[in-house]
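Here is a short report on one protein chain. Look at the structure first, then read on.

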Amino acid sequence: MKKGLSVLFAGMMVVSLATAGFAGKGHSNMVSGEVTHIEGDMVTVKDDKGKEHVLHIDAHATKKEGKIEMGAHVEADAESNGHAKSIKVAEKHEDMKKH
């Protein structure tokens, strides 16, 4: 009986530890649009549908390409909690320039 409970407990621990490893990671999504506001390490990006996304740009953890400044068109790989894993200045598409 004790051996059965020990095996059950060990199995539950393995499952709970595996679940905890995934729990802290947010889902990733791509955000692209124009930088409309910068305050400290927070950057607001307005996408082509008008939705604003507030992104946290970590000086050490976020991979940056190009100069992130007001009016720049950027593409970011961000977690659901708003932390940007990467952000880069991108070229505007020709069809966006015409409008």
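## Contacts around His-53

Leaving aside residues up to four places away in sequence, His-53 touches Val-31, Val-43, Thr-44, Val-45 and Asp-47. Contact here means heavy atoms within 4.5 Å. One of these residues, Asp-47, also makes a polar contact with His-53, side chain to side chain, at 3.0 Å. A polar contact is a pair of N or O atoms within 3.5 Å; within protein, one must be able to donate a hydrogen and the other to accept it, and residues adjacent in sequence count only if both atoms are side-chain atoms.

Is His-53 buried or exposed? His-53 counts as buried because its relative accessibility is 16%. The cut-offs are these: buried means under 20% relative accessible area, exposed over 50%, and partly exposed in between (1.4 Å probe, protein chains only). His-53 belongs to strand β3, residues 52-56.

## How to read the values

This is a predicted model, in which local features need pLDDT of at least 70, side-chain atom pairs count only at pLDDT 80 or more, and totals for chains, interfaces and linings use all residues. Residues are numbered from 1 along each chain as its sequence is written, and side-chain values use heavy atoms, with hydrogens and water left out.

## The whole chain

The protein chain has 2 helices and 6 strands. Along the sequence, the pattern is α-β-β-β-β-β-β-α. Helices (H or I, at least four residues) and strands (E, at least two) are DSSP runs, numbered from the N terminus.

The protein chain has 99 residues, and 24% of them are buried. Its accessible surface comes to about 7,500 Å², and carbon and sulfur atoms account for 58% of that. Accessible areas come from the Shrake-Rupley method with a 1.4 Å probe; for residues, only the protein chains shown count as cover. Now take the contacts between residues at least 6 apart in sequence: 40% of them join residues at least 24 apart.

## The sheet

In what order do the strands of the open sheet stand? The order of the 6 strands is β3-β2-β1-β5-β6-β4, and the pairing is mixed. Strands β3 and β4 (63-65) stand at the edges with a single partner strand each, so one side of each has no neighbour in the sheet. On average, neighbouring strands are turned by 35 degrees against each other, direction ignored. For such angles, axes are lines fitted to C-alpha atoms, for helices over the stretch in contact, and angles run from 0 to 180 degrees between N-to-C directions.

Two strands pair if DSSP finds at least two bridges between them. Strand β1 (residues 28-39) pairs with strand β2 (residues 42-46) in the antiparallel sense, over 5 bridges. Glu-39 has Met-42 in β2 as its bridge partner.

Strands β5 and β6 are also antiparallel, with 5 bridges. Here Val-74 stands opposite Val-89 in β6. The hairpin of β5 and β6 has 4 residues between the strands, and Gly-82 in this hairpin takes a positive phi near 95 degrees.

Strand β4 runs parallel to strand β6 (residues 84-89), joined by 3 bridges. Glu-65 stands opposite Lys-88 in β6. Gly-66 sits in the loop between β4 and β5 (73-79). Gly-66 counts as exposed because its relative accessibility is 60%. From C-alpha to C-alpha, Gly-66 and Ile-87 are 8.6 Å apart in space, with their positions 21 residues apart in sequence.

## Salt bridges

Side chains of opposite charge can pair when their charged atoms come close. How many salt bridges does a search of the whole structure find? The search finds 4. A salt bridge is a side-chain nitrogen of Lys or Arg within 4 Å of a carboxyl oxygen of Asp or Glu. The table includes some of them.

| Lys | Acidic partner | N to O distance |
|---|---|---|
| Lys-63 | Glu-65 | 3.8 Å |
| Lys-67 | Glu-69 | 3.9 Å |
| Lys-85 | Asp-77 | 3.8 Å |

Now add accessibility. Lys-63 is exposed at 53%, while its partner Glu-65 is partly exposed at 39%. Lys-67 is exposed at 61%, and Glu-69 is partly exposed at 38%. Lys-85 is partly exposed at 34%, whereas Asp-77 is buried at 19%.
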